[in-house]
Structure formats: C-alpha cells, structure tokens
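Subject: Structure handover and findings

Dear colleague,

I am handing over the structure below, together with an account of what was found in it. Please keep it open while you read, since the account moves from one element to another.

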Amino acid sequence: MPEVKNENDSHLKEQCARYGYEIQRVVELLEINSKLYELRHISTGARHIHIGNQDTENTFSVAFKTVPSDSTGVAHILEHTVLCGSKKFPVRDPFFSMLKRSLNTFMNAFTASDWTMYPFSTQNRKDFYNLMDVYLDATFFPHIDRLSFKQEGHRLEVEAVPGKEDDVNLVYKGVVYNEMKGAMSSPDQVMARSLLNALYPDTTYQYNSGGEPGDIPALTHDQLRRFHQQHYHPSNAYFYTYGNLPLGEHLSFIHDKILNHYSAIDPKTEVPSQTRWEDSRTATYTYPLEAGDDPAKKSQVCVAWLCADIKNTFEVLVLKLLEQIMLGNAASPLRKALIDSELGSSLADVTGFDADNRDTLFACGLKDVSPADAGKIENIIFDTLTRLAEGGIDRELIDTAIHQIEFHRKEITNTPYPFGIKLLLTFSGSWFHGGRPEQVLQFGADILRIREAADRGGFFEGRIKQYLLDNRHRVLFTLEPDPSKAAGEIERVRKELAAIQVKLTAKEVASIEQDTASLKALQEETENVACLPTLVLQDIPSSVHAVMPSKSDASAPAICYSQPTSGIFYFTAAMGAGPLTQALIPLAPFLCYVLPKIGTQRRAFTDVVRMIDAHTGGISLSGTARTRFDKAGACIPYLSINGKCLSRNLEKLFEIIAEVLFESDFSDIPRLKSLLLQYRSGLDSMVVQNGHRLAISLASRSFSETAALSETWGGIHQLRYIKTVTDDLRDEKMEALAHDLSAIRDLLVQRDNLKVGLVGEEGDLLDSLGFVSEGGLLSGISPLMAGDVHFTAPSIPVMPGHGKEGWSTSSAVSFVAKTINTVRMEHVDSPALAVISKMLRSMYLHREIREKGGAYGGFALYSSETGLFNFASYRDPHILATLKAFEGASEFIVSGNYSTEDIKEAILQVCSEIDKPDPPGPSAKKDFYRRLVSLTDDKRRQFKERLLGLKHENIVAAAKKYFSNGDAGQGVAIISGEEQLKKANENIAGTPLNISRI
C-alpha cells in the first residue's frame with residue numbers, strides 16, 4: 001500500500017479499517033485536480049474506486065460483471081427487473097418513482113456485453129444518499145417477482161383476432177422483448193452484435209447480452225433468479241463514488257446497508273481470453289431491409305482483428321493512437337484510401353478501435369457497398385497497412401494523434417453524461433477485468449514513452465505488423481440486406497406461437513389469461529410510495545445559475561466570459577440565416593457538414609483536416625431554428641460555428657476558423673460527391689435510432705416557422721431532400737451544388753452578421769480579442785449595414801400537416817407522436833404545462849405505454865420556447881393503442897385525479913432540469929445563446945418562482961384549457977414498418993393515416 005500522504009489520509013485510513021476496507025493505492029490526478037482512492041473490502045472482496053475533488057455534482061455507481069452463456073438477454077432483463085421493487089422499498093417501480101422524487105442530474109442503468117452498471121449523479125447531499133439507498137436495495141435485495149419478469153422480460157398473452165369474435169391468437173409481449181426487436185431492426189446494431197459473434201466464438205461475447213428476440217422467450221423466471229444470485233454479490237461488485245462528499249460517509253453507508261450482510265464467494269465471472277486462431281476467417285450475416293427497397297449497394301464490409309488484452313493499458317493507448325493516425329480524419333491514410341475507392345459511401349459502422357471487451361478489437365471497412373466488392377475492400381486495407389508499415393508513418397500524423405488524445409482527456413464536459421460518470425466509463429472496462437484504473441487516467445508517462453519510441457523510428461509501424469498484418473485472428477466480415485428477413489421473422493414467430501397454442505390445455509390458457517389480468521391489476525393499482533425517500537420544495541432554491549460576461553459592451557467585437565477552463569479556450573459564433581432563399585434553405589445543414597472537411601483556396605482538404613486536428617479540439621458548424629423569448633416569439637434561424645483549443649494554439653485556432661469561413665473552395669467535385677454520400681449515410685442511420693424525435697418533428701412542423709425550419713434542417717424532410725440530391729451525381733449537378741454552397745456562404749458570412757462569444761481564462765481572452773477585432777477575424781468579412789436583419793426567419797412557409805401521418809421504414813417497432821400547440825414561457829400557464837408533462841409521463845404514459853403496452857418508453861415533452869406539447873413513444877409494438885393512450889393522458893390530466901404530492905414530485909423533476917450543472921466552458925456558451933434569443937436570467941428566475949408556487953387548481957385549470965379540445969389543432973405522425981402502418985389503417989377510427997415512404 002502506498003505511504004499515506006497527509007493527516008486527512010491518515011484519518012481516512014482509520015475510517016477504512018473501521019468499515020473493513022483496505023486502501024490499495026492513493027493517486028493524485030493533477031490534470032483534473034482530483035485524488036483517486038482504490039479500496040478493497042476485506043471480508044467480501046468488493047472493490048471501490050473514489051475520485052475526490054471539489055465538484056458538487058456527486059456520482060455513485062455499483063456495477064457487476066454479468067457474463068451470459070446464451071442470447072436470452074438474461075443480464076438485460078435482470079437490469080430491468082431488479083428495479084421493480086425490493087426488500088426495503090416494496091413498491092412496483094422504485095426506480096421510476098425516484099426519478100420524480102429527486103433532484104438527480106442523471107439516473108440510468110446500462111447492460112454491456114459483460115457488465116451491468118447502475119449510476120446516478122446529483123448535486124444535493126440528501127438526495128445522494130436517498131438515491132444510493134434505493135439503488136443498493138434494488139440491486140442486492142430485489143424482489144424479482146414473476147409478474148415483474150413477465151412485464152419487463154417476456155410473456156404470452158391471448159388477443160382476439162380483429163373481425164373474428166371467437167378467434168384468438170397468442171402474442172409475445174415484454175419491454176425488453178420489444179426493445180430488442182427495435183434494436184435488431186437497426187443495421188448498425190446488427191453489425192456490432194454480429195461482429196462480436198464472429199470474432200469471439202468461444203467466449204461470452206458470442207452472445208447478444210441484450211437478447212435476441214428469437215431467444216428471449218426461452219428465458220425462465222428461475223434462470224433469472226439464479227443469475228442474480230450468482231452475479232449480484234459484493235464479491236462481484238465494483239462500487240464507485242465521485243465528487244466533494246466525504247469518502248468515509250460513503251463507506252459507512254455501503255458497509256451498513258450491504259456489505260455487513262455478506263461473506264466472500266467465488267462468483268465465477270472471470271472472462272477468459274479468446275483462443276487465437278491459426279488462420280483468418282470470413283463471415284456473412286444479414287439485416288432486415290424494407291420490402292421494396294433496392295438491396296443493391298446496401299451491404300457493409302469490414303476486416304476486424306482481435307488485439308491486446310484490455311488490462312495492458314500501454315498497448316491499449318498505442319492502439320487508440322493507431323486508430324487516430326489511420327482513421328481519425330478525412331486525411332488519415334486508411335480512411336482516405338477506403339473513401340477514395342468509391343466502393344462505398346462512408347466507413348462501416350464498427351470502424352475503429354474498441355476497448356470494451358477483455359480482448360480488444362480493431363475494425364475498418366465501408367458501408368453502402370456491393371458484397372461482391374468484399375475482396376477489393378480487403379485488398380485496399382492490406383495494401384494501405386503494408387505501405388504504412390514498410391514506408392513509414394508521417395511524424396505529423398503521430399503528433400496530431402497524441403494531441404487529440406491529450407486534448408479530449410483534459411477537457412471537462414458533461415455530454416453525454418455527467419463528468420463523474422464519463423470518468424468511470426473511461427476506465428471501467430479495464431478495472432472490471434483486473435486492470436489499474438489510475439493507469440488509464442494518468443497516461444502522461446505512457447505518452448512520453450511512446451514519443452521516445454516514435455523518435456527512434458519504426459514504433460507504430462511495428463505495431464501495425466503485430467496487430468494487423470501478421471495477426472491471423474481476423475475476419476473478413478460482410479453484412480448483407482435481406483428484404484425478406486422482417487417478413488420471415490414475423491412468419492417464424494407466428495408459427496412458433498401457433499405451435500405453442502395448439503398444445504395448450506384449457507387450464508394453461510386460463511393461467512395465461514389470469515397472469516394477464518393480475519399484471520393489469522398490478523399496473524393499475526394506486527400504490528403508497530411513502531416508503532421511498534424524497535425531498536421537499538424547501539430543499540430547492542428559487543434562484544437560477546447565472547453566468548455573466550466579463551465584457552459585453554456594444555463596442556466590443558465579442559461577448560467574453562472569463563471562466564476556469566483548465567487551459568482550454570472556446571470560440572463560438574452565430575450567423576443569421578434570414579436571407580436564405582427557399583431553394584437554398586434545405587442545403588444549409590449540408591454546408592455546415594462540409595465546411596470543416598472541404599479544401600480552401602490555399603489548401604487541399606487533406607491539409608485542412610490535418611491542420612484542424614493538429615491545432616484544435618475540433619471545429620464544427622450546425623444549423624438551428626430558435627424562437628425568441630418575447631411576446632412576438634419570432635423565429636431566429638442561424639448557423640453556429642464552434643471551435644476549441646489549448647491555450648498555446650489560440651492564434652492558430654483563429655487562423656483556421658478564418659480560412660474555413662472565408663476561403664472554403666467547393667470546386668473539388670469528387671470530394672464534394674464523397675461528402676454528400678457520407679452525409680446521406682449518417683441521415684439514413686438516424687431514423688431507427690432517433691425515431692421518436694423524428695416523429696415529434698414531423699407532428700410539430702405545421703405549427704410555426706421555427707418548427708417547419710427545424711424539420712427542414714434536421715428531420716425526415718432533410719433526409720428526403722438529400723436523397724433527391726444524391727439521386728443524380730453527374731458532374732454538372734455537383735457543380736450546381738458547389739455554386740449553391742458558395743452562395744449560402746457569401747450570403748451569411750458577413751461582418752455584421754457574425755455574433756461572437758469567447759470563453760476562457762483571462763489571459764486568453766485578452767489575446768483572443770485582438771484576433772477577432774479589426775485586423776483579425778472580422779477583417780476578412782464584407783461589411784453588412786442592415787444590422788440584425790439576418791437573424792429573422794427566412795422566406796419558408798409553415799409546412800402543411802396531413803392530420804394523421806404514417807412514414808414507413810424498415811423497422812419491427814413503431815415511433816408514435818402527437819403534438820398540441822399551447823403557450824410559451826412568458827405566459828402564466830407555462831410552468832403548469834412543464835409540470836403536466838412530467839406528471840403525464842410518470843403517472844400515466846409510463847404505465848399505459850411501457851408497463852402495459854411493452855414499449856421501451858412513453859414520453860410527454862413541453863417546450864417553453866416554442867409552446868409545443870408533445871406525446872411520443874419509443875420502440876413501440878403498438879400504434880392505435882398508443883394513440884388511445886395519448887387521448888387517455890389528456891382525460892387523466894383534465895380529471896384532476898392526482899394529489900399535491902404528485903404535483904410536488906413533478907416540480908422536483910422540472911427543477912432538476914433547470915438546475916442541471918454545466919462545466920465552465922459549456923455554461924458560458926449556453927448564456928451566449930440565451931442572449932441571442934432574448935432569454936434573460938430574470939425571465940428564467942420568474943419562471944422558476946412561478947413553478948415553485950404552483951397549486952393543484954393551477955394544474956387543473958391549465959389542463960382543461962389545453963387538453964380538452966379533442967383532435968382539433970393537433971398533429972400526429974408515426975414512423976414504422978409499412979405493414980404495421982397498413983394494419984393500423986384497417987382499424988383506425990376516423991381519418992386514416994396518410995402513408996408516405998421515408
């Protein structure tokens with residue numbers, strides 16, 4: 001054990017001994033101003049990592065190695081089922097109940113290939129221990145009762161055949177069952193899981209830990225309970241805490257609640273290394289393609305290798321750097337060779353280095369290819385690797401890769417998870433397999449070792465030979481589309497259920513019906529959740545977190561924010577999109593995609609992307625349609641540009657931004673065509689992954705200019721537009737496209753149309769102002785005398801809706817959305833609508849859509865900016881039943897049949913979102929864009945004060961005003977498979993769905 005460093009550590013050592021822990025090591029993490037403690041509980045073997053610092057957003061997690069031996073989804077279903085009631089908290093759904101009884105900034109659970117994790121974050125000390133109490137009891141002492149297993153995992157139900165009163169069919173239901181039906185409709189999910197099956201045929205990774213829909217019904221309740229008994233034990237547990245709360249209190253709490261009740265066992269969860277092959281292999285798998293779609297060039301091909309043991313942190317870092325060197329940007333040699341071949345549109349979904357499993361893997365390939373070109377793709381890969389290994393790697397590529405790794409490890413962000421959880425996910429894979437977490441987080445010595453080895457020459461070239469060229473444990477993998485796969489799966493399930501049904505006795509049918517009735521009664525039962533801990537409104541301050549600029553007077557060229565950003569500088573700017581014509585409007589998102597990836601008047605695109613990676617943490621653009629927070633509520637459309645860098649690269653950042661904005665050159669037609677196909681590929685991939693949000697956008701688009709422009713720029717209509725552009729790739733069409741992109745750039749990149757925000761430490765701000773002002777960035781722009789005229793809505797008409805719409809794609813599940821137009825933030829009813837959205841989700845839609853319907857999720861979302869109120873479902877086996885649930889939700893909220901406690905819990909949820917913390921850089925950028933849309937801190941504070949003062953009568957009055965109008969003024973959109981949409985139309989009441997193909 002390392003020597004104890006100070007009196008505080010001596011006191012901690014005494015506390016650890018008191019609760020049965022030994023300190024294995026204490027390490028200073030200087031880059032993030034933290035200290036890491038690694039501990040082991042002596043009598044049970046439980047592991048604990050604590051990262052202590054001054055961050056008030058504290059994090060807890062307990063994780064278990066979960067090692068399935070089949071694809072029934074046992075680990076995934078267990079993750080769901082343990083959250084359905086426990087010894088101390090015997091309520092039906094304590095996890096979802098705590099979502100509304102706390103101020104958490106994050107609550108969730110994850111199932112990976114060989115571990116399951118239960119993390120949360122919160123800024124409130126009382127809330128932290130409330131949540132830890134619920135999490136610990138749920139994971140170690142769950143009920144795992146039979147009905148919860150049927151609800152969350154799978155069950156049989158008897159359903160009447162429409163139009164045949166005396167005829168019934170069996171159907172499969174279950175939350176995880178339907179979730180995985182949706183997941184396995186997505187090519188990227190099929191690709192990732194199938195590749196593991198091909199590359200790890202002898203270990204747990206051959207199985208789908210989430211569950212294959214065809215295998216899930218084989219899992220029994222007894223098997224689930226036995227899996228919990230083996231895996232959810234302190235001897236197989238990994239505890240993690242992060243933040244400014246004292247470690248000693250955490251250890252005391254965990255010891256008293258859990259560890260004191262256990263002794264050590266051997267959980268038998270060690271994952272062996274995959275036996276290495278003597279010869280390479282080939283493998284072909286299929287994914288479902290919508291019937292009628294052309295399967296030509298819809299395949300993916302990659303080569304994948306098994307690489308280093310995850311515990312070898314040095315080799316893992318080397319392989320991460322190799323990924324960045326060969327694939328990190330458009331100029332990287334392997335990526336460029338693949339894309340330049342024009343055999344596919346973009347890199348295959350699994351491309352890159354994956355350090356999530358015991359044996360790491362490296363893969364690269366192309367998507368949207370012909371399977372007949374698999375050999376050509378393999379040759380390109382090996383020819384490129386051979387050229388690099390024999391001819392040497394450009395040292396600039398190595399230095400750039402190191403810069404990228406160092407930058408992103410140094411930057412503190414909370415996207416997509418709070419920083420404490422992001423840190424955990426950085427080292428968890430290695431830790432769970434016996435690695436050293438501090439070596440993953442403290443990699444400075446390894447970087448120095450790598451630099452010295454690279455100086456001697458041949459270092460990375462040798463690793464290419466070792467891990468790729470000479471490595472026989474590799475597979476040439478092809479994923480092909482199968483237009484008959486979805487229909488074949490439906491028929492397989494039909495036959496399977498028919499075979500079960502014909503063998504059922506009357507007693508067994510009665511038992512199924514009784515289970516259905518019992519589960520429905522359980523779901524509809526009004527529970528007393530008083531046993532669950534909660535907070536009171538007095539725990540919540542009425543203030544809001546505000547970030548004030550350090551310089552924002554009218555004479556300054558930018559709004560400046562002095563923030564403790566640990567030596568990282570952030571640039572952001574907005575360009576009003578008002579003058580765009582209708583013909584140019586749909587192209588704006590593609591311009592944003594292209595600008596950092598295309599050449600300039602001075603450089604080829606390869607030099608531009610290498611320059612960006614060598615000197616910045618990234619430059620990106622995006623198009624956004626916002627609504628001004630004033631009485632008129634006008635649409636504010638703009639393109640934003642964001643860049644970030646280490647302090648030493650400040651001047652270079654501004655030089656690059658200026659070159660990208662002012663000197664971009666779209667005349668490289670082959671490059672433009674390649675970017676267009678890559679952009680379309682990304683849009684195609686988002687449909688099944690983000691179906692609920694796309695359905696919401698479709699349902700909302702007819703209500704305002706903002707909603708119409710949002711759909712045009714980021715919804716299904718953007719995908720359809722880009723499809724029409726890619727239908728004709730002749731050079732003359734591409735030249736016209738280049739002309740239009742130049743026209744957009746020339747219209748928008750003008751001096752008085754550029755609003756700039758600068759975020760960093762004081763010295764960097766002083767330097768950056770010089771780079772922005774006359775003679776700097778703004779000197780390159782033509783002056784515009786019209787002031788803010790560009791920050792107004794372009795000439796885009798509000799999109800007409802078609803009542804109820806269906807949009808077909810290749811999906812075994814549905815995404816259902818309904819939109820109602822209400823009022824915006826300045827209206828007195830706005831806080832009540834925010835509360836209603838939380839109440840409807842937690843009190844009604846969760847029960848009706850998830851628990852009863854078996855969808856992965858049901859949502860109610862209110863935007864105080866646009867005034868739109870949305871209902872939505874995700875990975876949903878139903879359409880009509882969900883639309884009926886939306887109607888029922890309106891009836892429920894109008895009824896007033898809820899308590900002041902229910903309202904309080906919803907207020908807590910809204911406050912949790914308002915008060916969610918941001919690191920210094922992102923928090924300042926948020927303030928910059930709030931100013932752009934006139935959202936003042938006073939308006940935010942007034943909203944929160946009204947929120948905290950809401951009464952029962954306010955909620956009922958708002959509900960009656962906005963949810964009593966039936967179908968009038970509503971938009972409905974469903975994304976699903978064509979057959980599901982047609983089936984829904986056969987039984988829909990009133991106007992049928994207007995069905996279109998995506």
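What follows goes through the helix contacts, the sheets, a few single residues and the cysteines.

Please bear in mind throughout that this is a predicted model.

Helix contacts

The contact between helix α2 (residues 74–81) and helix α8 (residues 221–231) has an angle of about 85°, with the two axes 10 Å apart, and α2 is therefore roughly perpendicular to α8. On the side of α2 the contact is made by V74, A75, I77, L78 and T81, and on the side of α8 by Q223, L224, F227 and H228. Sorted by class, this contact of α2 with α8 holds six nonpolar and three polar residues, and no charged ones.

A second pair consists of helix α10 (residues 313–327) and helix α17 (residues 459–469), whose axes are 11 Å apart and which pack at an angle of about 100°, so that α10 and α17 are again described as roughly perpendicular to each other. Here F314, E315, V318, L319, L321, L322, I325 and M326 of α10 meet F459, F460, R463, I464, Y467 and L468 of α17. In the contact of α10 with α17, twelve residues are nonpolar, none is polar and two are charged.

Helix α10 also appears in the surroundings of helix α11 (residues 333–340), where P333, L334, L338 and I339 are buried. The cover over these buried residues of α11 includes α10, β13 (346–347), β15 (359–369), α12 (374–391), α13 (395–410) and α23 (669–689). After α11 comes E342, which has a positive phi, near 60°.

Sheets

One open sheet is formed by five strands in the order β17-β21-β18-β20-β19, and its pairing is mixed. Its edges are β17 (559–562) and β19 (618–627); each of them has a single partner strand, so one side of each is left without a neighbour in the sheet. From one strand to the next, the twist of this sheet averages 15°. The edge strand β17 runs parallel to strand β21 (residues 754–760) and is joined to β21 by four bridges, and S562 has G760 in β21 as its bridge partner. Helix α28 (residues 762–772) lies across β17, β18 (568–576) and β21, and runs at about 155° to β21.

An open sheet of six strands follows the order β24-β25-β23-β26-β22-β27, and its pairing is mixed. At its edges stand β24 (857–862) and β27 (994–997), each with a single partner strand, so that one side of each has no neighbour in the sheet. The twist of this sheet averages 15° from one strand to the next. Strand β23 (residues 815–821) and strand β26 (residues 970–976) run antiparallel and are joined by six bridges, and the bridge partner of T819 in β26 is G971. Helix α29 (residues 830–852) lies across β24 and β25 (868–874), running at about 170° to β24.

Single residues

T105 is located in strand β5 (residues 104–107) and is buried, with a relative accessible area of 7%, which is under the 20% cut-off used for that word. Leaving aside residues up to four places away in sequence, T105 touches E57, S121, T122, Q123, P418, S912, K916 and P917.

S484, in turn, lies in the loop between β16 (474–482) and α18 (485–503), and with 46% relative accessibility S484 counts as partly exposed. The C-alpha atom of S484 is separated by 7.5 Å from that of L289, although the two residues are 195 residues apart along the chain.

Cysteines

How many disulfides does the structure hold? The structure holds zero disulfides. C16 is buried, with a relative accessible area of 1%. C531 takes part in no disulfide, and the nearest cysteine sulfur, which belongs to C84, is 14 Å away; since a disulfide is counted here when two cysteine sulfur atoms lie within 2.5 Å, the 14 Å to the sulfur of C84 does not meet that cut-off. C531 is partly exposed, with a relative accessible area of 35%.

With kind regards

Definitions and conventions:
Residues are numbered from 1 along each chain as its sequence is written. This is a predicted model: local features need pLDDT of at least 70, side-chain atom pairs count only at pLDDT 80 or more; totals for chains, interfaces and linings use all residues. Side-chain values use heavy atoms; hydrogens and water are left out. Axes are lines fitted to C-alpha atoms, for helices over the stretch in contact, and angles run from 0 to 180 degrees between N-to-C directions. Helices (H or I, at least four residues) and strands (E, at least two) are DSSP runs, numbered from the N terminus. Angles under 35 degrees count as roughly parallel, over 145 as roughly antiparallel, 65 to 115 as roughly perpendicular and the rest as oblique. Contact means heavy atoms within 4.5 Å. Ala, Val, Leu, Ile, Met, Phe, Trp, Tyr, Cys and Pro count as nonpolar, Asp, Glu, Lys and Arg as charged, and the others, Gly among them, as polar. Two strands pair if DSSP finds at least two bridges between them. Buried means under 20% relative accessible area, exposed over 50%, partly exposed in between (1.4 Å probe, protein chains only).
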